[in-house]
Amino acid sequence: MADFPENLKYTTEHEWLDESTPAVIGVTDVAAEALGDVVYLELPDVGATVEAGAVVGEIESTKSVSELYTPVSGTITEVNAEAVDNPELVNQDPYGKGWLFKVEVTGAGELLTAAQYAAHTGS
Amino acid sequence: MGEDRKTPLHEEHVALGASMTPFGGWLMPLRYTSDLAEHRAVREAAGLFDLSHMGNIKVTGPDAAAFLDHALVGYISKVREMGARYSMICAEDGSVLDDLIVYRLAAGEYSVIANAANAELVLGKLQERTADFDVVLKDVQAGQALIAVQGPRAAEIMLATAGLVEDAEISGGTAFADLKYYACLRMRFEGEPVLVGRTGYTGEDGFEIWVSADKAVALWRALLTAGEPLGLVPAGLSARDSLRLEAGMPLYGHELDTTTTPFEAGMGRVVRLDKVSDDGTPLPFVGRDALAARKESAPARVLVGLRGEGRRPARADYDVVRRGAGTEPGTVVGRVTSGAPSPTLGHPIAMAYVTPEVSAEGSELAVDVRGRAEPFVVVPMPFYRRPQN
């Protein structure tokens, strides 16, 4: 069943955001479920400046490819190298070990609360 | 387009939590849990598939064998009783209308198994070709289900399945233990005859079972109950696609279509130009002249296997390009027809049509993966061959 931790913010592109410093970003279990088994991650370069809503990478599953967006603007401070080596972490632990990248935030796009995201996904 | 049809096992899939997807006019299970887990189960133990969407056309009559020799490219009259043959139905111009499996059930009685999306077309084309033959065609799909058990433990599972028993009186002459690859026999399930073929689309040993729609749920459950302790899991279309790709088997709509003859697809062996009539003269069959000419001419493109040297898989419809120094895609030399990360081999694999000059084994090419040239090399198919013991 879908699980949306209350302490996180969400986007309509099925990303989650932990608003710590730097912010941590990943994809929700709804996204992980829809993708199927994730086999390849293309993450942004550390040091890159990104704009909220921009495509910063790709998530590839056995059957399909999806674009990865950033929900916030800022500078990429770290990417999850363990998840790049073991993309199945995105399926196994999307809110934990399957996190994707961290951003030193300068601005945010439109973010949803857990309840709003749940309403958006209809779950 | 109407609503997608549901197989007699639909409620089972829903109860098992399957993600359902439209496929060839049917609503079919895409996966139950994980594509990779289902794929690996088939390679290591066994998978259970609902294939009830496949078309099933019964051909009966005194001219059934001669009719199929005329309508299909294969030498169907040579198939022995309770034997099966992979074949194709082509248009007059030699293009492939569908790939098929033909079972000979008795003298003058055959089953033609067509792809779901082509079933209606195949029935229509066959009907058009019956003019000079004493045969009757009947679409028998509706009353039946087709369930496949595929994997190294498939035979064990069949033997352990409650209610599924041999009956020498109806078997057609073979014992289950002696059933050869591409042959079939009749067994009984809960008293009712079922047809069991040792055929499949996964590259593993396995069986395909035709059962009446009434008994389909009971057989599905009996197979799962018997098989679960041996590692059997229900498997969806997603695993079926990655399994057949590893096994180098074509999928209609990808490697085969109406712009392709069997020769480009590397399947020229199914075209039997050596078919002869009773008096020894060459047997005319639909597509013969075009195919005979095509066999002698140099192909404009050929189907090859590609192995990815990086981690990013190629997907259907991506361009195959010449490899350059950097990541800039070079000149287009072909197109990918199927591609995926191979769960068994751990690297990307793909099938592609390429121009003949770059088709040799070892040829270093690239695929334009969304603007970036990813290195691929031409390798022989199948990509995966099951261990023989």
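**View 1. B:Leu48 and B:Val149, which stands in strand β10 of chain B, face each other across a pair of strands.** In this predicted model, B:Leu48 stands opposite B:Val149, and the two strands concerned, β4 (residues 46-50) of chain B and β10(B), pair in the antiparallel sense over 4 bridges. Strand β10(B) also pairs with strand β14 (residues 206-212) of chain B, again in the antiparallel sense, and here the pairing extends over 7 bridges. Within that second pairing, B:Leu146 stands opposite B:Trp210 in β14(B).

**View 2. Strand β10 of chain B is covered on both faces.** The strand spans residues 144-150, and 7 of its 7 residues are buried. On one side lie B:Gln144, B:Leu146, B:Ala148 and B:Gln150, while B:Ala145, B:Ile147 and B:Val149 lie on the other, and all of these residues are buried. B:Val149, on one of these faces, is the residue that stands opposite B:Leu48, whereas B:Leu146 is the one that stands opposite B:Trp210.

**View 3. Helix α4 of chain B has a buried side and, on the other side, exposed residues.** In this helix, which runs over residues 119-128, B:Ala119, B:Val122 and B:Leu126 are buried. These three residues cover an arc of only 60° around the axis, which puts them on the same side of α4(B). An α-helix has 3.6 residues a turn, so residues three or four places apart point the same way. On the other side of α4(B), B:Gly124 and B:Glu128 are exposed. The elements of chain B that cover the buried residues of the helix include β5 (55-60), α3 (64-71) and β6 (84-90), together with β7 (96-106), β8 (109-114) and β9 (136-139).

**View 4. Three strands of chain A form an open sheet with antiparallel pairing.** The order of the 3 strands is β4-β6-β7, and the edge strands, each of which pairs on one side only, are β4 (38-42) and β7 (65-69) of chain A. From one strand to the next, the twist averages 25°. Strand β6 (residues 55-61) of chain A is joined to β7(A) by 5 bridges, the two strands running antiparallel, and A:Val55 stands opposite A:Tyr69 in β7(A).

**View 5. Chain A and chain B meet in a contact to which both chains contribute residues.** Chain A gives 7 residues to this contact and chain B gives 11 residues. On the side of chain A that touches chain B, the residues divide into 2 nonpolar, 2 polar and 3 charged.

Conventions: Residues numbered from 1 in each chain as written. Chains lettered and ligands numbered in written order. Predicted model: local features only at pLDDT ≥ 70, side-chain atom pairs only at ≥ 80, totals over all residues. Buried ≥ 20, exposed ≤ 12 C-beta atoms within 10 Å, placed from the backbone. Arc of directions from axis to C-beta. Contact = placed C-beta atoms within 7 Å. Nonpolar A, V, L, I, M, F, W, Y, C, P; charged D, E, K, R; others polar. Pairing = 2+ DSSP bridges. Axes fitted to C-alpha atoms, helices over the stretch in contact; angles between N-to-C directions.
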